[in-house]
Every structure is written in structure tokens, then in C-alpha cells.
Amino acid sequence: MIHAFKGRIRLLTTGVALAVMMAAAPQALAATPKDTLVLAWAIDDIITLDPGEAFEISAGEIMGNAYDNLVNLDINDTSKVTPGVAASWTVSDDALTYTFKIKPDLKFASGNPITAADVAYTFERAVKLDKSPAFILTQFGLTKDNVTEKAKATDDSTFVLTVDKAYAPSFVLNCLTANVASIVDKALLEEHVADGDFGNGWLKTNYAGSGPFKMMQWRANEILVLERNDNYYGEKAKVKRAIYRHMKESSGQRLALEAGDIDVARNLEPGDLDAIAKNKEIITDAAPKGTVYYFSLNQKNANLAKPEVREALKYLVDYDAIGATLIKGIGEIHQTFLPKGMLGSLDDNPYKLDVAKAKELLAKAGLADGFDVTMDVRNTQPVTGIAESVQQTFAQAGVKLSIIPGDGKQTLTKYRARNHDIYIGQWGTDYWDPHSNADTFAANPNNADDAAAKPLSWRNAWDIPELTKETAAALLERDAAKRGAMYEDLQKKVLETGPFVIVFQQTEVAAVRAEVKGYKLGPSFDTNLLSPVSKE
């Protein structure tokens, strides 16, 4: 039973409340409950729980466990998708019409039936809300004016999507695995509409999905609680609830894990991973993720807009030292925008620390004495450590870097408004197709401050009409080999001239109590699935 309470969700179930208190306690007096999985993770980047708006790493994981889509990424073979709410689908010969058959007798967590009308409403809602992730759907030619015709239910069990160009079908289907396409409960949301907002104000802190878990409570920068959804059509979650505790410090996570206060630690640094290596009560799971860590240079800053400066700063990063210390076991040096394992990924790392080369480039830019600049840094590892490393190596060439710390919400909000000099963070692919990253690192269709599309290139005011055209062309190439070659070329050009200093690709590592079974990290941030997990 869920009740809105002062803008947050309040739990009224005694058992859940007890579990929350135990999980939130600084020093638990007993092991976590057998029916409850407690995870420690930095979740301060969560801004909203509305899948039509959420666009952050932690929120993506929550959506992946609490909502379902027409189709889902096959975590065992990322070149494929598997049925979700849709039982089957067909693509027309001209590759413009996608017809999905909805599984019969499905229910939302609320008990309302899932029909094709809910799917159509999901698309209409996302496009008309026009929040950050809407571009994943609008790139098919969907607009506020045409979405009700282009994404429609023809009967209760049939949903038809009409796209504007003959895209590679794998691209379209992969996009539909993204969080923004998570199916929402139309009847429930229509009860909570305010001023035509499609229930967005209510859904920021509430839930309207059909996944294996339902969201029960979120206290920002503190705790988030999921509970098993017994209306889920698939195999039911093995634990009754999952609780995310916001814990940023690696040492605190390790101590809590060793004491049994938590079941899973998600942000352990290399030193703490080494410390638990011989503990037989703890095991680890690791998975290369479609996530790259980078810092970017706002082209509104006159110094950073100089090509020689962009190149110089790429030579002022001690990649070898970062790889050997700060990301040991949790990542590998990777300087191109497509993660390994994706079509067209280029494994090319030409940059290394070369202060003399950087000074030469700065002199060509008329900045032989260096310059002052700031970097916005989320106060969590490993980005804080990387920022401090870069601060030291920048100084060797006279570049005086001031670090501005903040939490995830603060730094992201400033970055998205283009008010930064340098921003350091991570980018997780929105769907398992190369266009997901190419469209944000190598395309910027409109560099105006009021542009509708706001990819990373836009956030850094990088105006690139030619690369934008090349990115669009790669999207329409249906021959996989030719398409892969086009993405290799795009990566080379961004690597050489872009305002992005890509440092490494994440290897996500989770440390898990031995009594936890079935916990496995997925290839993307929204495929860390909790429903198979049990506890002995």
C-alpha cells in the first residue's frame, strides 16, 4: 500500500518499514533479513523516478528492475533482443512499419490490465513531455503533432510503430529497450495528471510499472526500496524486497559488507577490493559495461575552444598511472567513444602523458604560460581521484585547474545547462547500438542554447555539422560491416579533434556476501537484474 506523503513515498507495511530501519542503521545488530537484499551504492544522481524523464545511471538500474518494455536486451547475446511485453513482432518490407503483438492477460503492479493502448500512451507521453531521453524516440520522426498516429494501438493486443526512414531494424529494436520506452500504466497516471503533465509530477516519486519489482520508497541521497511485484507475468523475484542504501565511501561499504550489514557493495575501490580478496565469506562479480568515463571541454570557454588546447589536454593525462591505481580491477584505459563489444568499436589509445608535447601545443595556441580553468566533479570515486591526478599533470604545463566538488544532481544540472568549464563524469549507453554513443559524442544538430536535442556535443557547445551528417548516414546503413567501418571513422575524428578526453571503459565490480546466490552484473546499467537473486 503506497501513499504520497510530503512529496515522497511513505511505507505503511510494518515488515518493510522494519527492513528499511535495519538497512539504514549505521551499525546493524543482526544480519540482513533472509527475504531482503541490501545493496550499498552511490545513488545521489537520481533526480526522478519517471522513466519518461529519468536519464541517470542509478535511475536506469531501478527502471530496469521495476519496469518492462516491448522488448528487452538479451544479456547473454547483446546482438539480440528478447520478448518483453510483446510476444512477437514483424517489420514491413520497406522497414518503416513495426507491428507488435502484446502478450495476453498481463497486469501492471496496480492490477490494471496491460494493453496496446498503454504502449501507445507510453510513446505519446514520452514524446509530448519532451524530457532529456525523449530523443531516443523522436529520432524516428515522432513529433508532438504526429505521435498519436505514428505510434498507435490498432486493437487491445496490437501496437504499430511507423518510423520515418528505413533504419536498420536492429537499431530500432535496441532503442525500444531503453528506459524511456518502459511501459507505463495509463489508467493509473491519468488519475494523477496536473496541468496536462501526463502525471509527471506524481511519477517523479511514485510508480506505474509492471516489472518484477515495484518501487516503494525513495529518500534522496539516503535509501530506495523495491518490493516484489506479485502481478509480474514472468518468473517472480526470489527475494521479497531489495533496498539500495546510499553509501559513497568505499571503505564504509567494505566494512558494512564484512560485518553483514549489507549483502552487496557496488562502489569498492581497488584497495578495498584487494582487502576482501581472501575473505571466504565474500565473492565478487565483474562485467565490462557499456560505460565510458571522460572529461569534456566546454567550447564556450575561449581557451578550451582552441584546437591546440583540446589536443594538449589529452597529452596531460597520466593514463598509465590511472590505469595502474585508480581503476585497477574496475576499468581499463579506453580513449574512443564506443565501448568494447559494440559494433564498430575502435580499440585505439594514441594518447599518453607527454608534457613537452602539451607545452608545444599550448604555445601554438598563444598560451605558453598556461591558463586557469575549473572542473566540476561529483564527489565520489574514481572521478575525484582522476580529477586530482589531472590537476597535478595539468599543472606541469602551467594549466591551473580548480576542482569544484558537488553531488551527482548538482554537477549534472550545471553540466546540462552548459555552465561548466570542464566536467568529468561517465556516459552509459542508452541502448546497445553504436548510434547511442555516436549520436551524443559525434552529432549536434543545433548548437543554439534553446535546441531541442541536447547531446554531449551540445552540452559542450561543439558545433559539428559535417560529423552530424556522417552520424546520420551511418544510422541508415543496413550492411553491418559497412556500418561498423563508418563508426570506426567517426571515432577517429572525435578522438583527434573533439572536446572529449575519454579515459577508460568501466568494468563494474560487485562484492557479494557468499550466502547471496544468482547475483550477476549485466552489460548495461539497466541490466543489473535483481529478480534471479536469492539468499540462503
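I will talk through the empty spaces in this structure, and then through one helix that borders one of them.

Please keep in mind that what we have on the screen is a predicted model.

Let me begin with the pockets. The largest pocket holds about 850 Å³ of space, and of the 32 residues that line it, those closest to its centre are Phe135, Asp439, Pro445, Ala453 and Lys454. Helix 4 (135-138), helix 16 (434-441), helix 17 (456-459) and helix 18 (465-476) are the elements that give two or more residues to this lining, and helix 18 gives the most, with five residues. By class, the lining of the largest pocket divides into 16 nonpolar, eight polar and eight charged residues.

The second largest pocket has a volume of about 650 Å³, and among its 34 lining residues the closest to the centre are Gly64, Asn72, Leu73, Tyr232 and Leu529. Here helix 2 (57-66), strand 4 (71-73) and strand 5 (81-83) each supply at least two residues, and the lining of the second largest pocket is made up of 13 nonpolar, 14 polar and seven charged residues.

Now to the enclosed spaces, where the count comes to four cavities of 30 Å³ or more. The largest cavity contains about 760 Å³ of space; 48 residues line it, and Ile57, Thr291, Tyr293, Arg378 and Gln426 are the closest to its centre. Two or more residues of this lining come from each of helix 2, strand 14, helix 15, strand 18, helix 17 and strand 19 (500-513), with strand 18 giving the most, six residues. The lining of the largest cavity has 22 nonpolar, 15 polar and eleven charged residues.

The second largest cavity has about 70 Å³ of space, and its lining includes Lys314, Tyr319, Gln335 and Phe500. Strand 19 provides the largest share of that lining, three residues.

That leaves helix 15, which is among the elements lining the largest cavity. Which residues of helix 15 are buried? They are Gly408, Thr411, Leu412 and Tyr415, and, seen down the helix axis, these buried residues fall within an arc of 95°, so they line one face of the helix. They pack against strand 14 (282-297), strand 16 (372-378), strand 17 (400-406), strand 18 (422-428) and helix 17. At the N-terminal end, helix 15 is capped by Asp407, which has a side-chain oxygen 3.2 Å from the backbone nitrogen of Lys409, while just after the helix Arg418 takes a positive phi of about 60°.

Key: Residues are numbered from 1 along each chain as its sequence is written. This is a predicted model: local features need pLDDT of at least 70, side-chain atom pairs count only at pLDDT 80 or more; totals for chains, interfaces and linings use all residues. Side-chain values use heavy atoms; hydrogens and water are left out. On a 1 Å grid over the protein atoms alone, a cavity is a set of points where a 1.4 Å probe fits but cannot get out, and a pocket is an open set with protein on both sides within 12 Å along at least five of seven lines; lining residues have an atom within 4 Å of a point. Grid points are joined across faces, edges and corners, and a volume is the space filled by probe spheres set on the points. Helices (H or I, at least four residues) and strands (E, at least two) are DSSP runs, numbered from the N terminus. Ala, Val, Leu, Ile, Met, Phe, Trp, Tyr, Cys and Pro count as nonpolar, Asp, Glu, Lys and Arg as charged, and the others, Gly among them, as polar. Buried means under 20% relative accessible area, exposed over 50%, partly exposed in between (1.4 Å probe, protein chains only). The arc is that of the directions from the helix axis to the C-beta atoms. Contact means heavy atoms within 4.5 Å. A polar contact is a pair of N or O atoms within 3.5 Å; within protein, one must be able to donate a hydrogen and the other to accept it, and residues adjacent in sequence count only if both atoms are side-chain atoms.
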